[in-house]
2 protein chains.
Amino acid sequence: MSDDQKKQLEEFESRIDQFHPGHSIDCVILGYHDRHLKILLLKWKHAELWSLPGGFVYTHESLEDAAYRVLKERTGLGSIFLSQFHTFGDVERQTAPSAPQAVMMENLYQKLPLKDPVRFRNWIQQRFITTGYFALVDFEKTEPRPDFLGERCEWIDLQQLPELLMDHDAIIKKALAQLRIQLNYLPVGLSLLPEKFTIQDLQKVYEAILQKKLDRSNFQRKILKLGFLNRHEKQMTGAANKAPFLYSFDERNYKELLTSGIGFSM
Amino acid sequence: MSDDQKKQLEEFESRIDQFHPGHSIDCVILGYHDRHLKILLLKWKHAELWSLPGGFVYTHESLEDAAYRVLKERTGLGSIFLSQFHTFGDVERQTAPSAPQAVMMENLYQKLPLKDPVRFRNWIQQRFITTGYFALVDFEKTEPRPDFLGERCEWIDLQQLPELLMDHDAIIKKALAQLRIQLNYLPVGLSLLPEKFTIQDLQKVYEAILQKKLDRSNFQRKILKLGFLNRHEKQMTGAANKAPFLYSFDERNYKELLTSGIGFSM
DNA sequence: TCAAAAGTGTTTCCAATACACCCATGA
DNA sequence: TCATGGGTGTATTGGAAACACTTTTGA
């Protein structure tokens, strides 16, 4: 366990009674790299088990602030697109889909250097209602850091999800469904890309989210007509073909559009 | 206080430690009557203060079941359209927008015939994170009943909202925004009408929700083309004009449509 | 016979789609 | 000079919107 993690655990234990009871948050953090949608997951120690980055809410902290805090802690990123999508409150949501999961969790808890194991148990094993947030981030800018339960924090291809804790796979599914809906009236896909990008990059993002091919030339026209992309110099890719223009997101124009209302569908 | 309410209060107090801590639900229940959207609100005793029908979640009950239970208790209706729309977790959400509200609440609590006032206080005055659900119901079929805090439970015109408890006005706003979005891809408006209705009825529902006038003839064509309305006999209204056809909702056709996907916008 | 609402038809316009064409680039 | 992907043009289709025309009804 790293020093950083020890410190996190210490902080957690010392403030355990400052948490709002029975409520957690889970973040579905999506990035885009190498033409694939990636999700930031935590691999648990001593087990082939992964989970969403999550956390708890301090008594004097709003739900949203807690989500931002978790995001900041795991990725180093502040002030980005974050959106609440659903609150999960089934009674059975914490019963692991497979019995081995319970063993793995038990195993991990026992190995933690805890000051007050009983209090920790009482906290961690209560029923939690969890609120899901999703974030779209620029893959390049993140510096993933595990929390004290995780061995490492890593970008995983959405198409190749490993075994996930509890109901976290259902949470991810719901997040993606919500994202697809949002995409119809907000160009959220833009937050996944670095500052400058080509239209093809953006199209690939849309295709990854919507899980379908889009027509190249029509996509270009539609997205440009919305009018919040600035064209820059061409980019020589080194490939044997015409060089594409680079574009960037014009936040000012975008905000003007928002006030007048956007119609948008793909 | 009615016998019914006394019983409700008794039940509440006796089970107060079986509630999931710090979490509540609030229901935005909408109906349609007399060409207006109405919302079901509770008027508090001894005060000109209104609130959304709400409740708490039992330890062995899912969030959704709790919402259905509240709906059933307030309206007598079971198995209807109910949709979670947002979870509100601001720290200050319970600080009344006006100081007099605190006085009114205090006033009411003191007058309740409680067995254990201290325990009641400790419960009711904690910080709550609340999850909002909205329901669209057939106005005619409801039998509003107040809970033990309410003097009466009543349908109020959405255009003429009275002073509301805490952040309940913000919750309503959010519900309506969500409803407008949903309306774009699900014909949810239908749940607001009795079994048989005219196209004009339905159009008025849409206009009430979207807050704008729609073209009569285009609305008719669009809604009929979706193909899940059955035409019935004409209805003689007694007015000096052509009699409209009655329609009913064809659930079977609708469900087929859902699987193949709906495109819908007004 | 008149006003009001219902039902249907028509015209115009624009977005979506499919696809064709030429251009730039480096192997 | 060729394959590849980029940028632009165009024809077709279908829906949205505006509005005109006719029908039905009771006063």
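A polar contact here is a pair of N or O atoms within 3.5 Å. Keep that in mind for the views below, which come from a predicted model.

**View 1. B:N241 reaches a base of DNA strand D.** A backbone N or O atom of B:N241 sits 2.8 Å from a base oxygen of DNA strand D. The elements that give two or more residues to the surface near this strand are α7 (216-225) of chain A and α7 (216-225) of chain B. Of these, α7(B) gives the most, with 5 residues.

**View 2. A:N241 and B:K222 meet the sugar and phosphate parts of DNA strand D.** In chain A, an N or O atom in the side chain of A:N241 lies 3.1 Å from a sugar or linking oxygen of the strand. Over in chain B, a polar side-chain atom of B:K222 is 3.5 Å from a phosphate oxygen.

**View 3. Here's the whole neighbourhood of DNA strand D.** There are 25 residues around the strand, and the closest are A:K242, A:F245, B:S217, B:A240 and B:K242. On the DNA side, sugar and phosphate make up 51% of the strand's atoms that come within 4 Å of the protein. Sorted by class, the protein surface here has 8 nonpolar, 8 polar and 9 charged residues.

**View 4. Chains A and B are superposed by a half-turn.** Turn chain B by 180 degrees, shift it 0.1 Å along the axis, and it lands on chain A with an RMSD of 0.1 Å. That's how a two-fold axis relates two copies. The C-alpha of B:P21 is the one in chain B nearest the axis, 3.1 Å away. The copies meet through the same surface, because 100% of chain B's interface residues are also interface residues in chain A.

Methods
Residues are numbered from 1 along each chain as its sequence is written. Chains are lettered from A and ligands numbered from 1 in the order in which they are written. This is a predicted model: local features need pLDDT of at least 70, side-chain atom pairs count only at pLDDT 80 or more; totals for chains, interfaces and linings use all residues. Side-chain values use heavy atoms; hydrogens and water are left out. Copies are superposed by least squares on the C-alpha atoms of residues with pLDDT of at least 70 in both. Contact means heavy atoms within 4.5 Å. A residue is near a molecule or strand if one of its heavy atoms lies within 4 Å of it. A polar contact is a pair of N or O atoms within 3.5 Å; within protein, one must be able to donate a hydrogen and the other to accept it, and residues adjacent in sequence count only if both atoms are side-chain atoms. Helices (H or I, at least four residues) and strands (E, at least two) are DSSP runs, numbered from the N terminus. Ala, Val, Leu, Ile, Met, Phe, Trp, Tyr, Cys and Pro count as nonpolar, Asp, Glu, Lys and Arg as charged, and the others, Gly among them, as polar.
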